[in-house]
Amino acid sequence: GFVELCYDEKHDELKAKYVEGLPSKLKLFSDYLGTKSWLVGEQITYPDFHLYEMLDSHKALSSNCLKDFPNLEAYCQRFEKLPAIEKYMNSSRFMKAPINMEMALLGQK
């Protein structure tokens, strides 16, 4: 899975196969989200933070991975436009990398 990819020394070799299988996994999230604003409806909840982080990490891995899932793209944009999130992401405290902790090999560049 993704965490294994982050820590494996051969992540560059494994990336293509992982990205190839990504659409089928993302479809599950897309289907579950449907037309809802957030995972459980119209109110943001804790799981939304985890889903956003997962989607954002995958976009760092493959920038166009959400192209076939407009509801997931909109979800990420909606999350990033939340006032507190937008303020944080525009601050000097925001760190885009590393992906999945400092010990991870993926996303260190």
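**Exercise 1.** Over the ring of which residue does the charged end of Arg78 sit?

*Solution.* The model is predicted. In it, the charged end of Arg78 lies over the ring of Trp38, 5.5 Å from the ring centre. Trp38 belongs to one aromatic cluster with Phe49, Tyr52, Tyr75 and Phe79. A charge is also placed over the ring of Tyr32: the charged end of Lys36, 4.4 Å from the centre.

**Exercise 2.** Describe the pair formed by Phe49 and Phe79, and place both residues in the fold.

*Solution.* Searching the whole structure gives five aromatic pairs. One of them joins Phe49 and Phe79, with centres 5.1 Å apart and 85 degrees between the planes. The cut-off for edge-to-face is over 60 degrees, and this pair is edge-to-face. Phe49 is in helix α3 and Phe79 in helix α4, so the pair ties together parts 30 residues apart in sequence. Phe79 is buried, at 3% relative accessible area, whereas Phe49, at 41%, is partly exposed.

**Exercise 3.** Is Asp56 buried or exposed?

*Solution.* Asp56 has a relative accessibility of 14%. Buried means under 20%, so Asp56 counts as buried. Asp56 is part of helix α3, residues 46-61. Apart from neighbours within four places in sequence, Asp56 contacts Glu80 and Lys96.

**Exercise 4.** Where in the chain is confidence lowest, and where is it highest?

*Solution.* The mean pLDDT of the chain is 86, and 82% of the residues score at least 70. Confidence is lowest in helix α1 (residues 2-7), with a mean of 67, and highest in helix α4 (residues 70-80), at 98. Where pLDDT is low, predicted coordinates should not be read in detail.

Note on methods: Residues numbered from 1 in each chain as written. Predicted model: local features only at pLDDT ≥ 70, side-chain atom pairs only at ≥ 80, totals over all residues. Heavy atoms only, no water. Helix = DSSP H or I, 4+ residues; strand = E, 2+ residues; numbered from the N terminus. Buried < 20%, exposed > 50% of the residue type's maximum accessible area, 1.4 Å probe, protein only. Contact = heavy atoms within 4.5 Å. pLDDT = per-residue confidence, 0-100. Phe/Tyr/Trp six-rings, centres within 6.5 Å; stacked < 30°, edge-to-face > 60°. Lys NZ or Arg CZ within 6 Å of the ring centre and 35° of its normal.
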